[in-house]
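Reader: Could you walk me through this one while I have it open? I'd like to ask about things as they catch my eye.

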Amino acid sequence: MDSTVASTGTEGKTWGGGNQPLKASYGKLMMWFFIVSDALTFSGFLAAYGFSRFKFIKEWPIADEVFTHVPFLHGQELPMIYVAFMTFILIMSSVTMVLAVDAGHHMNKAKVTLYMFLTIIGGAIFVGSQAWEWATFIQGDYGAVQTKGGNILQFGEYVNVDGEEKFKRISIDEFAVSIPDVRVEHERSNGLWFREEASLPPYTVNEIYTGLAANDNILVRTQIINDEGEKTVLSREESLKQIRDNGKLVVKGANLHVNEYGTALFADFFFFITGFHGFHVFSGVVINIIIFFNVILGTYERRGSYEMVEKVGLYWHFVDLVWVFVFTFFYLV
Amino acid sequence: MAHEHKLEIFRGLWKFKSNTQKIWGVLIFLTFVTAIEVVLGIYKPDVLMSVWINPIEGGFFATLANIILSPFVYMKPLNLIFILLTIVKAYYITWDFMHMRDETKALRRMVVWTAVFLICYLIFILLQEGGYVFDVYNNDKAIIKRDF
């Protein structure tokens, strides 16, 4: 008797071998498998973001107050507009990609070339916008003071807008008083040979405090979100007391250690998630360029099938898909 | 290679003559959904900013009801709308741009069910834990203080 079973009674049926039950080529199937695993990676990041946000649910920065800038419209507060534009660009490049795939099905080389080119342009605009978004975020706008406990204290005043009292942020540049006795940044030219330090914050806490004490209208706003869903604004005495007793470091902009918008984790996740996504877009653009040149050279025309365009298309749409989720969880929710 | 495409979306409510037309149709729909999200995100209507059902008090069944109704009990309606619209967008990107609509049922299920199950599991675990850690920081007996 045979020690292994060679016939299992499935011959001629769907999974009996010799046919393609999924009706998909090996390459396409592997692209789908990759996409599933990459989707799990991204959901891991976004779920970790959710974890940290739930952990600090009472003090998480409000995205609408962080991402308010639009290029060429300086000084205006326009939350969401720019990121909506970026979303549209990416969806649009997804459309040109799927049109390229469609043209490939009809073996229309000229159209595939055109649509691939447009897709690459769309991807490049998106990556450029992402870079601008990062630059704006890193540079910061109002500045803040970090306390000993790692909390962020921001500044502003109540102004009357159309008969309504509104809290308007004030930049630290507007009220900080320059005191000449501050510590000088250590450069490699003095002291220990070839040792230097990172650039010092623009002001010391003392300079901010002096400026705050001199301007009666300025109040401090904490990270804590109150019942109305807004950040808590302290009274005048409380503001002075907080800066005097707890202020430790003046922060402008954001990096991986500190950020002026609120809890440092927010900036970490922003850099990490949008960075990882931006890297996907970048590599997508590179792969698209390779495929684009292959199309021009007629590689797929000779092969008789534009399936490679379809495969890179799957990846490109996936990048779009991820952005839809990043957009929701970073900018909307 | 088969090139037939299923040319209708919304369960046959909207039919297209060619695949190219369907692509533009889906683009219009996705743009429309994104526009709704942006408008809601900018104006934030007050009606949608507070939860519609407060947590139900008392006993095992109340807890069970809270868990079943958790999207309404613990989430602002606005956020719930955002998440639902996102899933709608994801569906049309996958189904029409990635041609999932034209794949075999087996391939579709292999990809979608696996991802959806694992992602839901991960999200549940991490958000549950996040809420617990929040409690450790903020309940009456919390030893860790960050308000300085």
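Reader: What phi does A:Gly140 take just after α4(A)?

Author: A:Gly140, which comes just after α4(A), takes a positive phi of about 75°. Helices here are DSSP runs of H or I with at least four residues, strands are runs of E with at least two, and both are numbered from the N terminus. This is a predicted model, in which local features need pLDDT of at least 70, side-chain atom pairs count only at pLDDT 80 or more, and totals for chains, interfaces and linings use all residues. Residues are numbered from 1 along each chain as its sequence is written, while chains are lettered from A and ligands numbered from 1 in the order in which they are written.

Reader: And the helix before that glycine, what span should α4 of chain A have, and what does it have?

Author: Helix α4 of chain A covers residues 109-139, and its 31 residues should span 45 Å at 1.5 Å a residue, which agrees with the 45 Å between its end C-alpha atoms. The expected span is 1.5 Å times one less than the number of residues.

Reader: Which residues of α4(A) are buried?

Author: Among them are A:Val112, A:Tyr115, A:Met116, A:Thr119, A:Gly122, A:Gly123, A:Phe126 and A:Phe137. A residue is called buried if 20 or more other C-beta atoms lie within 10 Å of its own, exposed if 12 or fewer, and partly exposed in between, with C-beta atoms placed from the backbone.

Reader: What do they pack against?

Author: The buried residues of α4(A) pack against three helices of chain A, namely α3 (81-105), α8 (264-297) and α10 (307-332). Contact here means that the C-beta atoms of two residues, placed from the backbone, lie within 7 Å.

Reader: How far does α8(A) reach?

Author: From its first C-alpha to its last, α8(A) reaches 49 Å with its 34 residues, which is close to the 50 Å expected at 1.5 Å a residue. Just after α8(A) there is again a glycine, A:Gly298, with a positive phi of about 85°.

Reader: Switching to records, where does UniProt place the transmembrane regions of chain A?

Author: The unreviewed UniProt entry places that feature at residues 29-51, 80-100, 112-132, 269-300 and 312-332 of chain A. Its positions are given in the numbering used here, feature names are shortened, and annotations may be inferred rather than shown by experiment. In the model, residues 29-51 of chain A are 100% helix and 0% strand, with end C-alpha atoms 33 Å apart, and residues 269-300 of chain A are 97% helix and 0% strand, with ends 41 Å apart.

Reader: What about chain B, which residues are listed there?

Author: For chain B, UniProt (again an unreviewed entry) lists residues 23-43, 55-74, 80-98 and 110-127 as "transmembrane region". Residues 23-43 of chain B are 100% helix and 0% strand, and their end C-alpha atoms lie 30 Å apart. Over residues 55-74 of chain B, the chain is 70% helix and 0% strand, and the end C-alpha atoms are 8 Å apart.

Reader: How is chain A divided into domains?

Author: Chain A has domain 1 (26-140 + 265-332) and domain 2 (144-252), with bounds that come from an automatic or database domain assignment. The centres of these two domains of chain A, taken over C-alpha atoms, are separated by 36 Å. In chain B the assignment gives domain 1 (1-102) and domain 2 (104-148), and 21 Å separate their centres.

Reader: What order do the elements of chain B run in?

Author: From the N terminus on, the elements of chain B run β-β-α-α-α-α-α, whereas chain A comes to 10 helices and 6 strands.

Reader: How many residues of chain B are in contact with chain A?

Author: In chain B, 45 residues are in contact with 46 residues of chain A. On the side of chain B that touches chain A, the elements giving two or more residues are α1 (19-43), α4 (77-97) and α5 (105-138) of chain B, and α5(B) provides the largest share, 16 residues.

Reader: Is A:Ala198 buried or exposed?

Author: A:Ala198 is exposed, because 9 other C-beta atoms lie within 10 Å. A:Ala198 sits in the loop between α5 (172-175) and α6 (205-214) of chain A.
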